[in-house]
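Please work through the exercises below with the sequence and the model side by side. Each one sets a task and then solves it step by step.

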Amino acid sequence: MEKQYWQSLEEYKKLKDQSLRENEEPLPEFSIEGLEESEIKGKSSRRDFLKMLGFSVGTVALVSSCQMPVRKAIPFLNQPEDLIPGVPNFYASTFFDGIDYCSILVKTREGRPIKIEGNDMSSLTKGGTSVRVQASVLNLYDDARLRNPRKVEVDSDWETVDRDILMKLEEFSKKNEKVVLLTSTIISPATRKLITDFTGKYPNVEWVQYDAVSYSSIRHAHKQNFGKNVIPFYRFDKADVIVSFNADFLGNWLLPVTFTKQFVSNRHLMKGKTKMSRLFQYESRLSLTGSNADYRYGIRPSEESAILLNLYNEIAKATGNPTYYAPPVSIEIKQAAKDLLAAKGKSLVVSGTNNERIQLIVNAINEALGNYGKTLDLDHPINLKQGDENKMTALVDEMKAGKINGLMIYNVNPAYDYPDREAFIAGLNKVPLKVSFAETLDETAGLCNYVCTTHNYLESWDDAEPITGTYSFMQPAIRPIFNTRQFQDNLVKWAGLGTDYAKYLEKFWEQKIANEYPETVKFSEFWTKLKQDGVLQLDQKSSGQPEFISQELSAEDPLKEGLEVVLYEKISIGAGKHTNNPWLLELPDPITTATWDNYVCVPVSYAREHNLNKEDVVIVNGNIELPVIVQPGQPDGTVSIALGFGRTAAGKAGNNVGKNVFPLMNTSNGRCNVSGTPVTIEKIEGKTYELALTQMHHTMEGRPIFRETTLKDYIKNPASGNERHKIDEEKNVTLYSMVDFDGIQWGLTIDLNSCTGCANCVIACQSENNIPVIGKDQVRRRRIMHWMRIDRYYSDEPENPDVYHMPIMCQQCDNAPCENVCPVAATNHSNEGLNQMAYNRCIGTRYCMNNCPYRVRRFNWYEYVNNNSYDYNMNSELGKMVLNPDVIVRQRGVVEKCTYCVQRLQAGKLQAKAENRELIDGEIQTACSQSCPADAIRFGNLLQKGSVVSEVNKEERMYHLLEELHTLPSTSYLTKVRNREA
C-alpha cells in the first residue's frame with residue numbers, strides 16, 4: 001500500500017474514513033427541468049452586462065485620470081563618490097541582539113539598508129541566515145523607535161540627560177552607594193573592556209548579565225567537571241551519531257545557523273556519497289529538530305534525567321565506568337546506546353534543559369564516549385548565554401530591600417520576561433535612578449526615569465567574539481535616522497574617556513594586535529581589511545584537554561500523572577524581542593503553521609479524552625486564557641506554549657498579541673528552566689478563539705508530492721522511493737511545442753534531505769520582493785501573500801508521526817497551465833524558461849490561479865500600501881524605506897508570484913555583459929538560495945554543462961512535482977532519506 005501523507009488531523013480522519021466515503025450514494029445529477037427561463041438565463045442579458053461594464057470602467061478611468069499622486073524626490077547636490085543610483089553597495093557587519101548571532105552583509109540602495117545577506121567569509125555561518133536575521137532590517141524602520149532621549153516620560157535632549165545622570169553617578173560614587181549595570185549577554189571584547197573601564201571609574205557599579213532564556217547549567221556543569229565555566233563549541237559536522245534531549249539546535253538553541261550548516265554537511269547524499277549521520281531526538285514537544293530526526297521519542301520533562309541516566313548506565317557498562325541507580329523508564333534507549341558505542345569519538349550527546357543534574361549526566365556520557373576534544377571543543381567555547389540566574393535573583397532581592405540606588409538597563413526587558421515580573425517591578429520602583437538604553441519604549445523602559453535612546457545595530461560600531469578566537473565586525477550601513485546614541489558612546493562619555501566609541505573600538509584593536517600578534521601587517525591595512533571582510537580568525541594557543549572530574553550522578557523520579565508545560569521560543573519572534581516585526585508575526589510556524597498568536601499545543605490522546613478541539617479556549621493554571629491546537633507528536637502528559645507573546649509595549653503590530661507565559665517558567669532548581677512546571681488546564685465551555693493557520697491553504701488535494709526512502713534502501717538502489725519518476729517520464733506526451741531557449745534555462749533544485757523547514761527562505765523572499773503583510777483576518781481567509789511556502793506533512797499515526805517539510809514556489813513550468821488561460825496574456829513564457837507576470841496587463845480574472853495545480857499564485861484582494869486597514873510597514877513613510885526599488889509594489893486586483901528574483905537575473909546579466917564575459921555558475925542567486933542555512937536550495941542555468949543544478953538533476957533522487965501532469969517544471973526536488981533501520 002502506498003504511504004499516505006496528511007497535513008492536519010481533519011485530513012487524517014478523512015483518509016481513515018476513505019472506505020466509508022467510497023460506499024456513499026452518489027450525489028443526484030444536476031437538472032434544469034422544471035426551471036423557469038428567467039431562472040436559467042438570469043435577469044440580465046450579456047448585452048446589459050457589457051453596457052454596465054463599459055460605463056463603470058469608463059467612469060473609473062475618468063476619475064483616476066484627474067488625480068496624480070504626489071511623489072517626493074530630493075536631488076543630490078553633492079553626490080557621494082561611492083554611491084551610484086541604481087547600483088547597490090554592500091557592507092560587512094554583524095547581527096547580534098543579545099541572543100542570536102550571525103555574520104552578515106548589508107545591502108544598501110541610495111544609502112538605505114534594504115536586505116540582509118549572510119557573509120560567505122564567516123567560518124561559522126558560511127553565508128547562512130535565520131528568519132530573525134533576515135527580518136531584522138525591518139526593525140531599523142520601526143515606527144515604534146524613539147526619536148529622542150527621554151526624561152520622566154517626555155522627550156528631552158542629550159545635554160540635559162548627560163548632566164543629570166553624571167551628577168547622580170558622581171554622587172553615588174562618593175557615597176559608595178550601589179549601582180548595577182544590567183545587560184544582555186555581551187560578546188563584544190571591546191564593549192567588555194569598556195565596561196571594565198567604566199566600572200574602574202565608578203567602583204560602586206556592579207555588572208550583571210541576564211538572559212530571558214538561560215543555559216547557565218551547561219556552564220556550571222562544565223565548571224564542576226573541567227574547572228571551566230564555559231559552554232563548549234559543539235561540532236555536529238564531526239558526529240556520526242547525535243543524541244539530543246530537548247535541544248532544538250536546528251531552531252533556536254545557541255547557534256542554530258552554525259549548527260544547521262554543520263548538521264546538513266553530513267546529510268548531503270550526492271555524487272555517490274552514501275554516508276550519513278543519524279539523529280536521535282528525545283523531546284517534550286514537536287520541535288524543528290525533532291521533525292528532522294531519524295528516530296524521535298516523546299518524553300515528559302520530568303523523565304529526561306531518568307532516561308539520560310539509564311542511557312549513561314548502558315554506556316558505562318560497556319566502557320568500564322561506574323553506574324548509578326536510575327528510575328526505570330519505558331522509553332527505548334537500547335538503539336541509541338548501541339549506535340553511540342559504535343561511534344565513540346564520533347558521536348555527540350546534548351541537552352537543551354537548564355538543569356545541572358541533567359547536564360552533569362550529559363557530560364559524563366560524552367566523556368565515557370571520548371567525545372571531548374573531538375565533537376566538543378573546550379578550547380574555543382561558545383561565548384553566548386553568559387547570564388546567571390543567581391545574580392539576577394540577588395539583584396531583585398536587593399532592589400526590593402532598597403539597597404540599589406541606581407539601575408542602568410541595556411538590551412533586556414525583565415519587566416516583561418522575568419519569571420517573577422511583579423517582584424522585579426516592585427523592586428525597580430524603589431530604585432532612585434533608573435536608566436534604560438533602549439530603541440523603543442518597551443515595558444521596562446516605560447518604568448525608568450531616563451531613556452537614553454540607542455541606535456539600531458545597522459547604525460552602530462562594534463565587534464563580536466561568538467566563539468573564542470573567531471571574531472566579526474559591526475559597522476554602520478546608514479547614518480542614525482533619529483537623535484539616538486549608541487549604548488557604548490554613553491559609557492565612553494560618562495567615564496570621561498574623551499573620545500567616541502568608533503575611535504575607542506579602533507584603538508582597542510590596535511592595542512590587541514600589537515600586544516598579541518606583533519607580526520601582523522601594518523595596522524591601518526589590517527583595520528581596512530577587517531572592515532571589508534567583516535570576519536577575523538585568530539589562532540588560539542590550546543591549553544590542552546583538562547582532566548575530567550567525576551561527579552555523583554542522580555535522576556529525579558518522573559511524574560506519572562498530571563500535565564507538565566514546555567515553554568519554547570518560536571522560530572519567528574523568539575523570546576519576544578522581535579514581537580513588533582510584522583514579517584515575523586505573519587510567518588507560519590514550521591510545525592503548527594499558525595500565525596499571529598500563541599496557543600496551547602495538547603496531545604491527540606488528551607484532546608480525545610477531554611473533548612478538546614482546535615480553537616477551543618482553556619484556562620492554564622487558573623489565570624491564562626489561550627486557544628488550543630491539537631498537535632500531532634505532542635507527548636502524552638505534556639502541553640507546550642510559545643514564549644514571546646503578550647507584549648503590552650512592543651508597538652502597533654505586536655501589542656496585545658497572544659499571552660505572556662514567562663510566569664510559567666520552572667524555577668524549582670534555582671535555574672530558569674523552560675520545561676517541567678506542573679500545570680492544569682480547564683476548558684471554557686462554549687468559548688472559542690479563531691486562529692490564523694495556513695496548513696490547509698493552497699492544498700494539492702491529496703495528490704502524492706512527497707517522496708522518501710531509507711538510507712539502507714538508497715544504498716541498494718539510489719532511485720529508491722523515486723520509482724514513479726521514471727514511469728512518468730516514459731509515459732508523458734504533449735501537444736505543446738518545445739520551448740526554444742536562448743542559451744539559458746533558469747532552474748532551481750531543492751534537496752529535501754537538507755531542508756530543515758526553518759522558513760528562512762520565506763522571509764528572504766518577502767524582504768527581496770516587497771511582499772505585503774495582510775494581517776490575521778486576511779490570513780484566516782486564505783489570502784496570505786508569501787510567494788514561497790513551506791508545506792508541512794505528516795505520515796503514520798498522529799501520536800508520534802514522521803514529519804516532512806517541502807518548500808513550494810512557482811515551478812516555472814515550460815508547459816504552464818496558467819499561461820494559456822489568461823485572457824490578456826499577462827502571464828507568458830520567456831526564452832529563458834521563466835513564467836513571467838506583466839502586472840500592468842493583469843485584470844485580476846484569477847483564471848491562472850484556478851488553473852495552477854501547485855497553488856502558488858497570490859491575488860491582491862486589497863490595496864495593502866497606504867491603507868490604514870493594513871497598518872504595517874507599507875503604511876508609513878519610515879516603514880516604506882525598506883522596500884526594494886528594483887521590484888514594483890503591486891496594486892489591488894493584480895496576481896503575483898515567484899519570479900526566480902528576475903531583477904537579480906537582469907542585474908547579473910548586465911554585469912557580465914559590461915565585463916564582456918560569460919555568466920559564471922553560482923554568480924546569480926535567488927533570495928531563497930543565497931540565504932538558505934542548509935544549502936538545500938541551488939539555483940543556476942540548466943543548460944550550462946557542469947552547473948550545480950544541471951548536475952543535481954542527473955541524480956536518481958531527482959523528481960518534479962506532479963510529474964504526471966507533464967507541466968515540465970524548472971524546479972526539481974531530491975527525495976528525503978532517513979537514516980533508520982526500517
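## Exercise 1: Cysteines

A search of the whole structure finds zero disulfides, a disulfide being a pair of cysteine sulfur atoms within 2.5 Å. This is a predicted model, in which local features need pLDDT of at least 70 and side-chain atom pairs count only at pLDDT 80 or more, while totals for chains, interfaces and linings use all residues. Residues are numbered from 1 along each chain as its sequence is written, and side-chain values use heavy atoms, with hydrogens and water left out.

Task: explain why C758 forms no bond with the closest cysteine sulfur.

Solution. Begin with the distance: the closest cysteine sulfur to that of C758 belongs to C932 and lies 6.1 Å away, which is too far for a bond. Then turn to C852, which is likewise in no disulfide, its nearest cysteine sulfur being that of C818 at 6.3 Å. Finally, check the surroundings: C758 counts as buried at 17% relative accessibility, and C852 is buried with a relative accessible area of 7%. Here buried means under 20% relative accessible area, exposed over 50%, and partly exposed in between, with a 1.4 Å probe and protein chains only.

## Exercise 2: The whole chain

Task: describe the overall build of the protein, from its secondary structure to its charges.

Solution. Start with the elements, which come to 29 helices and 41 strands; helices (H or I, at least four residues) and strands (E, at least two) are DSSP runs, numbered from the N terminus. Next, compare the radius of gyration, 29 Å, with the 30 Å that the globule rule gives for 982 residues: the two are close, so the protein is as compact as a globular protein of that length. That radius is taken over C-alpha atoms, and the rule is 2.2 Å times the number of residues to the power 0.38. Along the principal axes, the C-alpha trace spans about 95 × 75 × 65 Å.

Then consider the interior, where 61% of the 982 residues count as buried. Of the contacts (heavy atoms within 4.5 Å) between residues at least 6 apart in sequence, 73% join residues at least 24 apart. Lastly, the mean positions of the 113 positive and 125 negative charges are 2 Å apart; Lys and Arg count as positive and Asp and Glu as negative, without His and the chain ends, and each charge is placed at NZ of Lys, CZ of Arg, CG of Asp or CD of Glu.

## Exercise 3: Two covered helices

Task: find how many residues of α5 and of α8 are buried, and what packs around them.

Solution. In α5 (residues 131-139), nine of the nine residues are buried, and their cover includes β2 (89-96), β3 (101-109), β4 (112-118) and α24 (760-768). In α8 (residues 216-226), eight of the 11 residues are buried, so this helix is largely enclosed by the rest of the structure. Among the buried residues of α8 are I218, R219, H222 and F226, and the elements they pack against include β9 (231-234), α13 (356-368) and α14 (389-400).

## Exercise 4: Positive phi

Task: locate E110 and N411, and state their phi values.

Solution. Most residues other than glycine have a negative phi. E110, in the loop between β3 and β4, has a positive phi near 50° and is partly exposed at 32% relative accessibility. N411, in the loop between β15 (406-410) and α15 (414-417), has a positive phi near 65° and is partly exposed, with a relative accessible area of 25%.
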